[in-house]
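I wanted to get my bearings in a structure I had not opened before. These are my notes, in the order I took them.

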Amino acid sequence: MLPPPGCPAHGLDPGLLGPGGVRRLYGPEAESDPWALYEKLRAEHGEVAPVLLHGDVPAWLVLGHSANLTAMRTPSRFSRDSRRWTAFQDGRVGADSPLLPVVAWQPMCVFTDGEEHRRLRGAVNDGLNRFDRRGIRRHVTRFVDQMVQEYGPTGRAELVTQFAEHLPMLVMTQLLGMPDEYGPRLVEAARDLMKGTETAIASNDYVVATLRRTIERKRAAPGDDLVSSLMQHPAGLTDDEVLAHLRLVLLAANETTVNLIADTLKMVLTDPRFRAHLSGGHMTLPDALDQVLWDSPPLIIVAGRWATGDTELGGQQIKAGDLLLLGLAAGNYDPTVRPDPTAPLFGNRSHLSFGSGPHECPGQDIGRAIAETSIDHLLTRLPDLRLAVEEGELTWTSAWLSRHLVRLPVEFTPRTLDDEPAGEDEPTASVPPVADPAPPAPPAAAVPRPRRSWWSLLTARFRR
């Protein structure tokens, strides 16, 4: 990945400034180059900067690596309970705010602390730990083969929309024991929700309705899947708690893994340092993933933490009930820990991309397994994969939480894969495909129905 602009002299549009001259963290100007904005804020304010969210709601963006770790590791000072937010209490966050799907309190581990957090987190950990890397690899390799079978004869593909955006959700629906038909529209809803658009709430409603249907089906016929595991766990999760954690796992795993796959593929195809190392065998794919996690975190911001009382962080006076946004991307480029942003960081996992402390991402091993296996197997099947456009033509879209590669067109020698009998690398029957009626249609404006082409082939072949 290229380093961020990093220069405070980069001009930023005056439209970024809100009341009191505080910079906005949303809108086209802020989202066109978030790294430039972070460096501007760092130059102006240091480790912690005041910012405005949608609706000009005030918050603090944590830019420093050390300050981020402090906020993550000291829940006594910085709680995950969003009900503490004074903006909620003062009525500054409307019922239609695009912030709500991300920050509104829900009965799940990411919004709790202490003993209640340990109870809920333990259930999630136990559910996720039931899926070993070998089992996940079987799902991934099967689906990669089917994708290559679909577009392999053409010698061309677009690896964001035809690969990265669909593979994680396809795998996660298997781990959750969901019907394959839910996958395509869940992809669209998840992307829309994470963008924080005006249709984010409608997309969130669709995700919730789909998960409720799955819970009801598993109540009647439990299986070896995450849904059944949470429902049957000794921690005694309520239906609302089960639903909230399934939504969390589904959305977080999809968004982060999509971005990790896309950005790592871009690096492998365009960066001469890594291309040379990979071909020479001097650098492993896990090393490349770590470099991407430093350079381009799957989530660039996490919301958030709420101050339990008046305190100080990074030289700023934080008031009780203030919202802190964890600046993962900004913290990864903190010059105190990374004075030369162009230096390789092979094997260094002190990045902030998966968080730290009691709320460190519980599904990071699954996300890495999906990303690493899918890229490795794709490169094995298409060894002469190469970028089909100039690198300078690649573009990204950004929202306040994430940055997303728009397209990654590639070409390769056309090829077909002969059908092979199921073997050691095929999915096991631990998460069997289940016939189920089609899910309710989401609001048309929020989740447009995708064309059923290669996805139909995938799901049909998986049921054989």
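**Starting at the sheet edge**

I began with β1 and β2, which run parallel and are joined by two bridges. A reminder to myself: this is a predicted model. Across that pairing I found arginine 23 opposite valine 51 in β2.

Next I checked what lies on these strands. Helix α2, residues 34–45, lies across β1, β2, β3 and β6. I noted that α2 runs at about 130 degrees to β2. Helix α3, residues 65–73, packs on the sheet too, and I listed its touches as β2, β3, β4, β6 and β9. The direction of α3 makes about 125 degrees with that of β9.

**The whole sheet**

Then I asked myself: in what order do the six strands of the open sheet come? I read the order as β1-β2-β3-β9-β6-β4, and the pairing is mixed. The edge strands are β1 (23–24) and β4 (78–79), each of which pairs on one side only.

**Strand β3 and its two neighbours**

I spent a while on β3, residues 57–62. On one pairing, six bridges join it to β2 (residues 48–53), and the two run antiparallel. Valine 51 came up again here, since its bridge partner in β3 is alanine 59. So I have valine 51 down twice: opposite arginine 23 and bridged to alanine 59. The β2–β3 hairpin has three residues between the strands, and I noted that glycine 55 in this hairpin takes a positive phi near 80 degrees.

The pairing of β3 with β9 (residues 323–327) has three bridges, and these two strands run parallel. There I found valine 62 opposite leucine 326 in β9.

How many of the six residues of β3 are buried? I got five, so β3 is largely enclosed by the rest of the structure.

**Aromatic rings**

I moved on to the rings and counted three aromatic pairs. Tryptophan 85 and phenylalanine 88 form one that is edge-to-face, with 5.0 Å centre to centre and 70 degrees between the planes. Tryptophan 85 also pairs with tryptophan 306, and this pair is tilted: 6.4 Å centre to centre, 55 degrees between the planes.

I wanted to know where the two tryptophans sit in the chain. Tryptophan 85 is in the loop between β4 and α4 (86–89), while tryptophan 306 is in strand β6. They are 221 residues apart, so I wrote this pair down as a link between distant parts of the chain. Ring pairs gather Trp85, Phe88 and Trp306 into a cluster.

Which of these rings belong to buried residues? I went through them against the 20% cut-off. Tryptophan 85 has 1% relative accessibility and counts as buried. Tryptophan 306 is at 0%, which also counts as buried. Phenylalanine 88, at 24%, counts as partly exposed.

**Helix α13 and its partners**

I then turned to α13, residues 239–270, and looked up two helices that pack on it, α17 and α9.

With α17 (residues 364–381), the angle is about 35 degrees and the axes are 9 Å apart. The crossing is right-handed. On the α13 side I listed Thr257, Leu260, Ile261, Thr264, Leu265 and Val268. They meet Gly367, Ile370, Ala371, Ser374, Ile375, Leu378 and Leu379 in α17. By class, I have nine nonpolar, four polar and no charged residues in this contact.

With α9 (residues 167–175), the axes come within 8 Å and cross at roughly 145 degrees. This crossing is right-handed as well. Pro168, Met169 and Met172 in α9 meet a set of α13 residues: Val249, Leu250, Ala253, Asn254, Thr257, Val258 and Ile261. The classes here are eight nonpolar, two polar and no charged residues. I underlined Thr257 and Ile261, which are listed both in the contact with α17 and in the contact with α9.

**One last residue**

I finished with glutamate 312, which lies in strand β7, residues 311–313. Is glutamate 312 buried, partly exposed or exposed? It is partly exposed, with a relative accessible area of 37%.

What does glutamate 312 contact, leaving aside its neighbours within four places in sequence? I found Arg77 and Gln317. Arginine 77 is 235 residues away along the chain, and the C-alpha atoms of the two are separated by 9.7 Å.

Conventions:
Residues numbered from 1 in each chain as written. Predicted model: local features only at pLDDT ≥ 70, side-chain atom pairs only at ≥ 80, totals over all residues. Heavy atoms only, no water. Axes fitted to C-alpha atoms, helices over the stretch in contact; angles between N-to-C directions. Helix = DSSP H or I, 4+ residues; strand = E, 2+ residues; numbered from the N terminus. Left-handed = near helix turned anticlockwise from the far one by under 90°. Contact = heavy atoms within 4.5 Å. Nonpolar A, V, L, I, M, F, W, Y, C, P; charged D, E, K, R; others polar. Buried < 20%, exposed > 50% of the residue type's maximum accessible area, 1.4 Å probe, protein only. Pairing = 2+ DSSP bridges. Phe/Tyr/Trp six-rings, centres within 6.5 Å; stacked < 30°, edge-to-face > 60°.
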